[in-house]
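This report looks at how a bound molecule is held and at the enclosed space inside the protein. Please read it alongside the sequence and the coordinates shown here.

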Amino acid sequence: MKSPIPDYLNHVLEKTRPIERGAPADYIETLAKADTSKMAVALAMVDGNVYSAGDDKVEFSIQSIAKAFVYAIAIEDAGLDQVLKKIGVEPSGDRFNQLSLERNTNRPMNPMINAGAITAHTLVCSPTATLHERIDRILKVLSKLAGRQLYVDEEVYKAELRDADRNMALGYMLKAAGVISCDPREAVKGYVRQCSINVNVQDLAMMSAVLSNGGVHPVTQEQIIPHTSVRQVLSVMTTCGMYDAAGDWVSNVGFPAKSGVAGAIIGALPGQVGLATFSPKIDERGNSVRGVAMCEQLSRDMGLHMMDVSHVARSTVQTSVSNLVGTEHEKQNPACARKVVVFKLRGAVRFPGAERLTRALAYELGKPDPSEPGSGHHSDACAIVFSFREVFSLNFIARKLIHEDITRLLTERKVLCIIDPTGVLEWDTAKAEGGRHPKIVDNDTEARDYIGGTGCQAVSEDPEW
Ligand code: DON
């Protein structure tokens, strides 16, 4: 069977192609000459699979999209505290190249407008680094994210630098305000160079997918951007990535995004997909007109709005009860013919899933409570089993809550066996207080053997245990 996804992407291109509004950026000569018939779209899944359609190999300069990734590099090199001292995180509501600083703090409003982006550029490597060192670092990281060696388009760089008066003015303003300490001309040249790195939509979709995948490259599995920086970058992309159109964008499209004046837009939906569109005609805000239309369509058709509640966290815990039957030589095992309660979790467990487990434990194993009919039914169980076989991940609070459940059950001297073949629980036997530990095993058989003796059988309503 041929996947319908590329056909769908072609359909999105054809649907938006008739839009003729906008014009290529005219303040950079090379961009003004762009072929406006070119259009492309790409999706990169968090497992590294890429779909694309249209002019997906056509290269263009990354422009302001670099701001999101350079912000991540600045956080890594200078530390988040230092970056926040220099650059705010408030949407400005102004144009991208507005000569403005935040009232009271004198910082650029955010790292997505030029004032903030020039400042972020100077925080790459160290404040004393040369332009060459900073660009070298930025090119290395961006190439790693794209999965191929990227390069600076010298023609675009020279063309933008010829008319960079406004950005130069921003550089001097930042120096005068004490935000940057290096030569403002060097800072702006470096910023313009980072804008002139060439990419195509496939590169951009993969770079976005790294953000969607918690900073881990979907193909190489390398953690390129630390998890905490990803959250910071996606947050400012959400509130400031589309400049003074940010509010419209969040309500209509609803995923973190960043645009560039060459006509590209990237989007990164956490945990799901990275995407990129390209069409050179931009609107007065600097966002590609067809690109915005493509993103609106993709979001609608594919349910990509981050505020859409696709499913409420339910049924992540399944409870079942079994009786163990011993073998001939272990008939006397005290666990035999008594019940074992099994709690099975599934999927990516976060606070709601762990809360369901905690509630189920209290209900099934606690004292009977007349106000909760059926509660305490299994308080006499000889053993408790947690099965994490189908758990893909536990976030920190889910893990913390389940650890606390385990500690409390052990304090009550319950026999506890945990099926955790992938080690997702991260139970540290060296650290547990009082030296009490659950038995951790790889599969159901090992759990049964531990509780009821080698080779015992389970008789249950649940055929799996
Ligand atoms: O600073 C500039 O003018 C450009 N090199 C980058 C601007 C940009 O891409 C704005 N975004 N849509």
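## Ligand site and cavities

In this predicted model, a nitrogen atom of the ligand has a backbone N or O atom of Gly286 at 2.9 Å. Side chains take part as well: an N or O atom in the side chain of Ser64 lies 2.7 Å from an oxygen atom of the ligand, and a polar side-chain atom of Asn114 is found 2.8 Å from an oxygen atom of the ligand. Of the 340 Å² of accessible area that the ligand has on its own, the protein covers 99%.

The shell around the ligand comprises 14 residues, of which Tyr27, Gln63, Ser64, Glu160 and Tyr191 come nearest. Sorted by class, this shell has six nonpolar, seven polar and one charged residues.

Turning to enclosed space, the structure holds two cavities of 30 Å³ or more, and the largest cavity is the space taken by the ligand. Its lining is made up of Tyr27, Gln63, Ser64, Phe96, Asn114, Glu160, Asn167, Tyr191, Cys195 and Val261. The second largest cavity is lined by Pro91, Ser92, Gly93, Asn110, Ile113, Thr239, Cys240 and Tyr243. The table sets out volume and lining class for each cavity.

| Cavity | Volume | Lining residues by class |
|---|---|---|
| Largest cavity | about 50 Å³ | five nonpolar, four polar, one charged |
| Second largest cavity | about 30 Å³ | four nonpolar, four polar, no charged |

Terms used: Residues are numbered from 1 along each chain as its sequence is written. This is a predicted model: local features need pLDDT of at least 70, side-chain atom pairs count only at pLDDT 80 or more; totals for chains, interfaces and linings use all residues. Side-chain values use heavy atoms; hydrogens and water are left out. A residue is near a molecule or strand if one of its heavy atoms lies within 4 Å of it. A polar contact is a pair of N or O atoms within 3.5 Å; within protein, one must be able to donate a hydrogen and the other to accept it, and residues adjacent in sequence count only if both atoms are side-chain atoms. Accessible areas come from the Shrake-Rupley method with a 1.4 Å probe; for residues, only the protein chains shown count as cover. On a 1 Å grid over the protein atoms alone, a cavity is a set of points where a 1.4 Å probe fits but cannot get out, and a pocket is an open set with protein on both sides within 12 Å along at least five of seven lines; lining residues have an atom within 4 Å of a point. A molecule sits in a cavity or pocket if more than half of its atoms lie within 2 Å of its grid points. Ala, Val, Leu, Ile, Met, Phe, Trp, Tyr, Cys and Pro count as nonpolar, Asp, Glu, Lys and Arg as charged, and the others, Gly among them, as polar. Grid points are joined across faces, edges and corners, and a volume is the space filled by probe spheres set on the points.
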